[in-house]
Amino acid sequence: MKSLKFFSLFCLVPLLMFIVACEDGGGGSSDSGTVSMSVTDAKPLLPENVTNLFVEFSEVRVHKPGEGWIALDLVESPYTIDLLQFRNGNTTELVPPAKLGSGKYTQVRIGVDSATMRFEIKDGAGNVIGTEDRTVEIPSENLKTDKNFTIDVGSDSAMDIVIHFDLSMSVVVSGNASNPTYKLKPVMHLFEDPLQAATIHGSIDNSSFGDSGKATIVLIAQSDGQEFTRVEVSKSTDAESTDFDIYWVVPNESYTVQIDLNQDDETIDIDCEEFVENINLEAGEIFELNEGQPIKKSDGICN
């Protein structure tokens, strides 16, 4: 029998969750509302040649003080999602609209059976000759918290919870290079409204990329000095510069953006950085790095 792995979301958690409430024109019961859940991801930085990351969800429950755990139906059970297909603002439904009694729900539990990463296999000339699936371990002790949240279901209201798996921060690689192991320790953040999340946009001059043709963008939260997320940028082949976006950024927070223009190993070599003040990251806004100009590397300085 397979043992289920549960992620209980208390004050903080390892996923990225966003909550949005709006009026329901359906005229439901005066003492209940509806809750649905979707899943998304940003463009993640993952081990080389990963093409898919499948996560099999088995159960979702919410907890109401005084009433206990309430199961919510998945789109199908179990339900497998390739998270790499739903990124850059795209979402997919996990839990269809379910009616819940009005009141405050303070915990969410997500049951996961398994996770698998699929890699491309290439020959010496770089041609794809096949694929290989590697199991991703799901440890049971993966809970961490960073802020309080409450799902407040109002009478005749509808609430959509968007769960953002930040795979850049969630997949942990260990072991030696010839036989690595992978663990999934989901990281998530909480927003009152997913449509009000901020976005950071930038552009890298193609002449500033190193031999790897890839750059790494790291976002450091000033509130705690911890890494918030990171993304990989691959050099464009049909333009003079390469655009990138960092989605699902908490608004009204300050961040430092660090850029490694030649991603050739796991170490981040900072070629340039920019401080983004909270006043420049209002809800729903897009902040332009380098005042909207392509980022260039010249004598160790990014302009």
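Contact here means that heavy atoms lie within 4.5 Å. All views show a predicted model.

**View A. Four strands of the model form an open antiparallel sheet.** The strand order is E18-E17-E20-E21. Strand E18 (227–234) and strand E21 (272–276) occupy the edges; each has a single partner strand, so one side of each is left without a neighbour in the sheet. From one strand to the next, the twist averages 15 degrees.

**View B. Strand E17 (residues 214–221) pairs with E18 in the antiparallel sense.** Seven bridges join E17 and E18. At one position, Leu219 has Thr229 in E18 as its bridge partner.

**View C. Thr229, a residue of strand E18, is shown with its surroundings.** Thr229 has a relative accessibility of 5% and therefore counts as buried, the cut-off being under 20%. Leaving out residues up to four places away in sequence, Thr229 touches Asp166, Ser168, Met169, Ile217, Val218, Leu219 and Ile246. Leu219 thus appears here as a contact of Thr229 and in View B as its bridge partner.

**View D. The largest nonpolar core comprises 39 residues.** Met37, Phe57 and Leu94 have the most contacts inside this core. At least two core residues come from each of several strands, including E3 (32–40), E4 (50–64), E7 (91–101) and E9 (107–122). Another core, of 26 residues, lies apart from it and includes Phe244, Tyr255, Phe287 and Cys302.

**View E. Met37 is shown with its contacts beyond four places in sequence.** These contacts are Val60, Val62, Leu72, Glu93, Leu94, Val95, Val108, Asp160, Ile161 and Ile163.

Terms used
Residues numbered from 1 in each chain as written. Predicted model: local features only at pLDDT ≥ 70, side-chain atom pairs only at ≥ 80, totals over all residues. Heavy atoms only, no water. Pairing = 2+ DSSP bridges. Axes fitted to C-alpha atoms, helices over the stretch in contact; angles between N-to-C directions. Core = buried A, V, L, I, M, F, W, Y, C linked by side-chain atoms within 4.5 Å. Buried < 20%, exposed > 50% of the residue type's maximum accessible area, 1.4 Å probe, protein only.
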